[in-house]
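Here's a quick briefing to read with the structure open beside you. Take it one topic at a time and find each piece as you go.

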Amino acid sequence: MVIEVREARRSDIREIIRIRQAVTPHLATTERRLSAILESANGKSIRQLVASVGRRVVGEALLGVVATSGGMCAAFGNPHVDPDFENRGVGTALAQRVYGYAIVGHAHELHAWVNDSAHATAFAQSHGYVRRRQAKIQRLELSKFNNLSSGLPLGYEIHRALDVGGMEHAIYSAEAKAIADEPGEFIRQGLSFSDWLVTVWNMSLSELSLSSIVTYGSQVVGASYLECDDRGVCASGSTWTDPDHRNQGIAMAAKESALLRAKGHGYSMAYTSNDGRNAAMRRINHRLGYEHFRDEWRYSLKIEANVGSNV
Ligand SMILES: CC(C)(COP(=O)(O)OP(=O)(O)OC[C@H]1O[C@@H](n2cnc3c(N)ncnc32)[C@H](O)[C@@H]1OP(=O)(O)O)[C@@H](O)C(=O)NCCC(=O)NCCS
């Protein structure tokens with residue numbers, strides 16, 4: 001079987017979505033978002049690959065390289081293989097290409113999310129990846145979801161992201177400050193405002209009508225983003241609160257309001273994923289009624305060719 005790994009084209013988008021939904025049903029991927037990735041000016045740091053056998057697309061991987069603290073770079077890349085084509089070398093072909101891009105991008109480490117299945121974790125380990133942290137994936141049936149929280153303390157206001165035009169730079173700055181202590185392998189540095197607009201804000205444009213932004217006076221202090229697809233599924237993007245405004249119910253209210261809007265728009269299922277150690281976010285998701293769906297593991301691989309060299 002000859003496997004070709006190449007950069008994705010627009011004509012591959014439906015197949016990429018089919019495979020991603022089969023392997024990671026908790027992610028919401030839309031044609032519009034994939035088109036934006038393929039066309040993005042950011043295309044050199046984010047790439048969408050496909051593996052094909054003849055004319056059939058049998059695997060896909062989204063990968064990227066980001067600048068981290070100390071002048072270093074980290075890469076991420078998750079190979080997903082069509083379940084009908086497992087155990088035929090497709091994952092290996094994708095993983096090797098991802099590794100090659102990580103070397104060229106001067107990354108010191110490569111990270112991947114891996115399903116908590118014997119097959120997927122054995123695959124990661126056989127390619128030299130080491131297990132790191134656990135993510136808890138949870139889901140919530142929106143038809144059963146109702147108003148829960150007692151709202152926000154005096155002075156705070158919730159807005160739809162769609163209604164805060166002109167505040168994008170304030171949101172970008174507040175987000176960078178708030179997510180700095182989110183559990184993870186690295187602190188992302190140097191995400192410029194223009195890159196943030198492309199990769200975070202504009203790519204989720206259709207969901208700005210659902211996502212929430214919280215303000216205190218003229219200051220942006222919190223947010224909860226949703227990404228939704230045409231299966232009726234919404235996936236939580238980032239939820240964050242400025243460190244000076246935490247433990248007052250801001251994140252709970254922001255996420256709840258976004259989910260209520262999603263329910264009102266007819267979406268049926270919401271998924272969320274959070275680090276097993278993020279006690280505050282786990283508490284919020286528990287209160288919102290999310291139930292365990294599956295676990296994932298973060299696996300990491302040192303890029304020997306780049307270890308010891310700062311870019
Ligand atoms: C996680 C985060 C969004 C919470 O924001 P917040 O506005 O403080 O959250 P809320 O006040 O709405 O709710 C926090 C809940 O967690 C509880 N909590 C806080 N710290 C806790 C801890 N260490 N152990 C257990 N529960 C904790 C609070 O008591 C509260 O629950 P309660 O309302 O039932 O009392 C915020 O800490 C943050 O921005 N972190 C960095 C980004 C991040 O990790 N985002 C999540 C990505 S999945």
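How do H7 and H8 lie relative to each other? This is a predicted model, and in it the two helices pack at an angle of about 45 degrees, so they are oblique to each other. Both helices also help to surround the ligand, so let's start with them and then move on to the sheet.

**H7 meets H8**

- The axes of H7 and H8 are 10 Å apart, and the crossing is right-handed.
- On the H7 side, the contact is made by Ala251, Met252, Lys255, Glu256 and Leu259.
- On the H8 side, they meet Ile284, Arg287 and Leu288.
- Sort the residues of this contact by class and you get 5 nonpolar, no polar and 3 charged.

**Around the ligand**

- The shell around the ligand has 22 residues, and Thr241, Arg246, Ala251, Met252 and Ala279 come nearest.
- Three elements give two or more residues each to this shell: strand E10 (233-241), helix H7 (250-264) and helix H8 (279-288).
- H8 gives the most, with 6 residues.
- By class, the shell splits into 10 nonpolar, 7 polar and 5 charged residues.
- Ala251 and Met252 are worth a second look: they are among the residues that come nearest to the ligand, and they also take part in the contact of H7 with H8.

**The sheet**

- Strands of a sheet pair through backbone hydrogen bonds, in either a parallel or an antiparallel way.
- Here, 12 strands make an open sheet with mixed pairing, and their order is E1-E2-E3-E4-E5-E12-E6-E11-E10-E9-E8-E7.
- Which strands stand at the edges? They are strand E1 (4-7) and strand E7 (156-160); each has a single partner strand, so one side of each is left without a neighbour in the sheet.
- From one strand to the next, the twist averages 25 degrees.

**Pairs of strands to trace**

- Strand E6 (residues 130-141) pairs with E12 in the antiparallel sense over 8 bridges. To find your place, look for arginine 139, whose bridge partner in E12 is glutamate 291.
- E6 is also joined to strand E11 (residues 269-275), by 7 bridges, and this pair runs antiparallel. Here lysine 136 stands opposite asparagine 274 in E11.
- Strand E9 (residues 219-228) and E10 run antiparallel too, with 6 bridges joining them. Serine 224 has threonine 239 in E10 as its bridge partner.
- E10 thus turns up under two topics: it is joined to E9 in the sheet, and it gives residues to the shell around the ligand.

**Helices lying across strands**

- Helix H4 (residues 118-126) lies across strand E5 (109-115) and strand E12 (291-302), and it runs at about 165 degrees to E5.
- Helix H5 (residues 168-178) lies across strand E8 (212-216), E9 and E10, running at about 90 degrees to E9.

**H5 meets H6**

- The axes of H5 and helix H6 (residues 193-201) come within 11 Å and cross at roughly 90 degrees, so these helices are roughly perpendicular to each other.
- Glu168, His169 and Tyr172 in H5 meet Phe193, Trp196, Leu197 and Trp201 in H6.
- What classes of residue make up this contact? There are 5 nonpolar, 1 polar and 1 charged.

How values were computed:
Residues numbered from 1 in each chain as written. Predicted model: local features only at pLDDT ≥ 70, side-chain atom pairs only at ≥ 80, totals over all residues. Near = placed C-beta within 6 Å. Helix = DSSP H or I, 4+ residues; strand = E, 2+ residues; numbered from the N terminus. Nonpolar A, V, L, I, M, F, W, Y, C, P; charged D, E, K, R; others polar. Axes fitted to C-alpha atoms, helices over the stretch in contact; angles between N-to-C directions. Parallel < 35°, antiparallel > 145°, perpendicular 65-115°, else oblique. Left-handed = near helix turned anticlockwise from the far one by under 90°. Contact = placed C-beta atoms within 7 Å. Pairing = 2+ DSSP bridges.
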